[in-house]
Amino acid sequence: MKNKFRIGVVGVGMVGTPLARYFGEVQGYIRGKELFLFDVNPDKGYADDVSRASIVFICVPTTRAQDGSCDTSQVNSAVRRLTGSKIIVIKSTVPPGTTESFQKKYPKHKFLFNPENLTERMAWEDFMRPDAQIVGFTGKSKEAAAVVLALLPKAPFMSPWGIGTYQRIEITATEAE
C-alpha cells in the first residue's frame, strides 16, 4: 500500500462533509491517523489537530460583509490556526485573487483553489460525480496541483490537465475563482 498524505478538513458543513466522507469511506483514511477534521461548532464533534495534516482543505463559510463584499475572515482564521508549512486547498467561495493574496500573506504554505459546485440536497452525489475537477494554483503551488487533483474524484474535465485532449490545460487559482 502506498503512503497516504495526511488530510485535514477545516469546516465540516455542506462542502466539508462530503469531502471528509470521501476520504474516510471511499479512500479508507482513518480519522486521527491520516484524516483530521475540525469545525468551530463544538456540537459537531470535530476538534482534531488539523496541523498534523500535510494537505488541508479549507471549507468554511464566506458570508457577505457589511459593505457587500465577500467576508474571507473565516478562511484567514483557519489558515492562521495551522502550524508548519502545508498545502492548503481553499474550497470556500471567494472572490478572484483571494488565493494569490493568501499566498503572498502566508508564503510558508502552498495555496490552491478547488471550486465546488454542490447542491444541498444532492451534495454527496454531486461531489462523487463532478462535471469538472479543477485545482487552480499560484506560482508557488503549481507542482502541488496535480498531487491534489489525483486525490479527488475524477471528472470529464480536469485541470491541471485535460481528459481526452491533446493539450495540457492549466487553470490558475484566480481563473478558477
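Okay, this is a quick walk through the sheet, the helices and the core of this structure. Keep in mind that we're looking at a predicted model.

Let's start with the sheet. It's an open one with six strands, ordered β2-β1-β3-β4-β5-β7, and the pairing is mixed. At the edges you'll find β2 and β7, each pairing on one side only. β7, residues 136-137, pairs with β5 in the antiparallel sense, over two bridges. If you want a spot to look at there, Phe-113 stands opposite Gly-136.

Now the helices. α1 lies across β1, β2 and β3, and runs at about 160° to β2. Helix α3, residues 98-105, lies across β4, β5 and β7, running at about 170° to β5.

So what fills the inside? The largest nonpolar core has 31 residues, and among those touching the most other members are Ile-7, Phe-23, Ile-55 and Val-148. Elements giving two or more residues to this core include β1, α1, β3 and α5, with α5 giving the largest share, five residues. Take Ile-55: beyond its neighbours within four places in sequence, its contacts include Ile-7, Val-89 and Val-148. There's also a second, separate core of 24 residues, with Phe-36 and Tyr-106 among them.

Back to α5 for a moment. Ala-144, Ala-145, Val-148, Leu-149 and Leu-151 are buried there. They sit on the same side of α5, because they cover an arc of only 150° around the axis.

Last thing, from the records: an unreviewed UniProt entry lists residues 46-145 as "domain: UDP-glucose/GDP-mannose dehydrogenase N-terminal". In the model, that span is 27% helix and 17% strand, and its end C-alpha atoms lie 27 Å apart.

Technical notes. Residues numbered from 1 in each chain as written. Predicted model: local features only at pLDDT ≥ 70, side-chain atom pairs only at ≥ 80, totals over all residues. Heavy atoms only, no water. Core = buried A, V, L, I, M, F, W, Y, C linked by side-chain atoms within 4.5 Å. Buried < 20%, exposed > 50% of the residue type's maximum accessible area, 1.4 Å probe, protein only. Helix = DSSP H or I, 4+ residues; strand = E, 2+ residues; numbered from the N terminus. Contact = heavy atoms within 4.5 Å. UniProt positions renumbered as here; feature names shortened; annotations may be inferred. Arc of directions from axis to C-beta. Pairing = 2+ DSSP bridges. Axes fitted to C-alpha atoms, helices over the stretch in contact; angles between N-to-C directions.
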